[in-house]
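Here is a protein model to look around in, with a visitor asking and a guide answering. Have the 3D view open while you read.

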Amino acid sequence: MPPVRALWFDRKGLELIDQRALPNATRLRTCRTVEEVADSIRTMVVRGAPAIGVAAAYGMVLAERQGGFTPARAARLLASTRPTAHDLFVGIEAVRSAWAEGEDVVAAADRYRRSVVDECHAIGEAGAPLFTRRPRVLTHCNAGALATVEWGTALAPLRVARERGADLFVWVDETRPLLQGARLTAWELSREGIPHAVIADNAAGLFMRAGDVDAVIVGADRIARNGDVANKIGTYEKAVLARENGLPFYVAAPRSTFDPGTRTGAQIPIEERGEEEMRSIGERQLMPTRSRARNPAFDVTPSRLVTGYVTPLGVMKPGGLGPIFRAARRRPAADRA
Ligand code: MRU
């Protein structure tokens, strides 16, 4: 089966694969209004930093067509959906500025989508040489095509390495509480016949210590100027475990994830989602009704734990991120989270 595409724009509007339903059902949600796009991002019909940036870009297109919105008001609505991923704000800005200048908004959104897809492919080309022969690679959350429209960030180098003959195996962290690893990464890998096994989040250390993991690669939601990385909750633990076990820890991201306006990871806003995501899976209650839960969606991994950043401009070291930050996509200072 060919790799999946997470979203596309057609005469009906913005078509999204409803990622909440996977892997049990492949369902589409058609968004005809900016409000529907905002709701889809907030409720994670579409998710993953680059993909929500592209969805928001098309949300701006729908707002312009609907009428009754100024570029600024549409941008505010979409920006209020999720605070952590920098790509969201970059995608909004790509169309807001075109709209404000009276340019073709569909062309601006299409250009943005194409740039994200092209950059993910370039990440694949840059990162593939890290994974030769028979690598056993651990990944966390879903940083595949579903999270980026096509290719993925963390999964792109693995896809390209495989095309070039690497006989790889992927350890997939299940990624509590929403199970993006078990539900989405495993779904993508299964479709393409890439050998993998899903493991409980807390099993990674055992497999690393046993010598069954050669490298870790993850995506990112925002990378601060000092190289600190916000990504799915649990990423930090994997980076600590990788360091403890002498394994390389790679972070793959397009330009839109690098935030020149954020100095260190301490300044990155961390989204806290509702307790209900912790309380149950489907109909099944997981904890006593009276127990409280906390549900931070992301954590920050300090740059000193990162071996390399796999970017469209090549693999960079912590402390050597100047070129990617100089090429990074900016958003207006007035709009900072
Ligand atoms: O809450 P999510 O599912 O949107 O979180 C996604 C992640 O943390 C991904 O690892 C990140 O966005 C990188 S996707 C290429």
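What follows is a chat about the sheets, the hollow spaces and a few odd backbone spots of this predicted model.

Visitor: Let's start with the sheet of three strands. Which strands stand at its edges, and why is one side of each left without a neighbour?
Guide: This is an open sheet with antiparallel pairing, and its order is 1-2-3. A strand at the edge has a single partner strand, so one side of it is left without a neighbour in the sheet. The edge strands here are strand 1 (7–10) and strand 3 (28–31).

Visitor: How many bridges join strand 1 to strand 2, and which residue does Phe9 stand opposite?
Guide: Strand 1 and strand 2 (residues 13–17) run antiparallel, and four bridges join them. Look along strand 2 for the residue opposite Phe9, and you land on Leu14.

Visitor: Which helix packs on this sheet and touches strand 1, strand 2 and strand 3?
Guide: Helix 1 (residues 34–42) lies across strand 2 and strand 3, running at about 140° to strand 3. For contact with strand 1, strand 2 and strand 3, look to another helix, whose direction makes about 20° with that of strand 1. That one is helix 2.

Visitor: Now the sheet of seven strands. What is its order, and which are the edge strands?
Guide: This one is also an open sheet, but with mixed pairing. Read its order as 6-5-4-7-10-14-15. The strands that pair on one side only are the edge strands: strand 6 (196–199) and strand 15 (314–316).

Visitor: What does the twist average from one strand to the next in that sheet?
Guide: In the sheet of three strands, the twist averages 20°. In the sheet of seven strands, the average from one strand to the next is 25°.

Visitor: Strand 4 has strand 5 as a parallel partner. Which residue in strand 5 is the bridge partner of Leu138?
Guide: Strand 4 (residues 136–139) is joined to strand 5 (residues 169–173) by four bridges. Val137 has Val170 as its bridge partner there. For Leu138, the bridge partner in strand 5 is Trp171.

Visitor: And which residue in strand 7 does Leu138 stand opposite?
Guide: Strand 4 also runs parallel to strand 7 (residues 215–218), with two bridges joining them. Over in strand 7, the residue opposite Leu138 is Val216.

Visitor: Which helix lies across strand 4, strand 5, strand 7 and strand 10?
Guide: Helix 5 (residues 105–127) lies across strand 10 (249–252), strand 14 (308–311) and strand 15, at about 130° to strand 14. The helix you're after runs at about 145° to strand 10. It is helix 10 (residues 235–244).

Visitor: How much space lies in the largest cavity, and which residues are the closest to its centre?
Guide: The count comes to two cavities of 30 Å³ or more, and the largest has about 160 Å³ of space. Its lining draws at least three residues from each of domain 1 (7–119) and domain 2 (128–329). Of the 20 lining residues, the closest to the centre are Arg47, Gly48, Ala49, Asn142 and Asp221.

Visitor: What about the second largest cavity: how do the residues of its lining divide?
Guide: This cavity has a volume of about 60 Å³. Its lining includes Arg176, Pro177 and Glu277. By class, the residues divide into four nonpolar, three polar and four charged.

Visitor: Which residues are the closest to the centre of the largest pocket?
Guide: About 330 Å³ of space lies in this pocket, and its lining draws at least three residues from each of domain 1 and domain 2. Helix 11 (276–279) and strand 11 (280–281) each give two or more residues to the lining. Of the 15 residues that line the pocket, the closest to its centre are Arg20, Pro177, Leu178, Arg183 and Glu277.

Visitor: Pro177 again! Is the peptide bond from Arg176 to Pro177 cis or trans?
Guide: Most peptide bonds are trans. Pro177 is in the loop between strand 5 and helix 8 (180–191). With omega near 0°, the bond from Arg176 to Pro177 is cis.

Visitor: Is phi of Cys141 positive or negative?
Guide: Most residues other than glycine have a negative phi. Cys141 is found in the loop between strand 4 and helix 6. Its phi is near 65°, which is positive.

Technical notes: Residues are numbered from 1 along each chain as its sequence is written. This is a predicted model: local features need pLDDT of at least 70, side-chain atom pairs count only at pLDDT 80 or more; totals for chains, interfaces and linings use all residues. Side-chain values use heavy atoms; hydrogens and water are left out. On a 1 Å grid over the protein atoms alone, a cavity is a set of points where a 1.4 Å probe fits but cannot get out, and a pocket is an open set with protein on both sides within 12 Å along at least five of seven lines; lining residues have an atom within 4 Å of a point. Grid points are joined across faces, edges and corners, and a volume is the space filled by probe spheres set on the points. Domain bounds come from an automatic or database domain assignment. Ala, Val, Leu, Ile, Met, Phe, Trp, Tyr, Cys and Pro count as nonpolar, Asp, Glu, Lys and Arg as charged, and the others, Gly among them, as polar. Two strands pair if DSSP finds at least two bridges between them. Axes are lines fitted to C-alpha atoms, for helices over the stretch in contact, and angles run from 0 to 180 degrees between N-to-C directions. Contact means heavy atoms within 4.5 Å.
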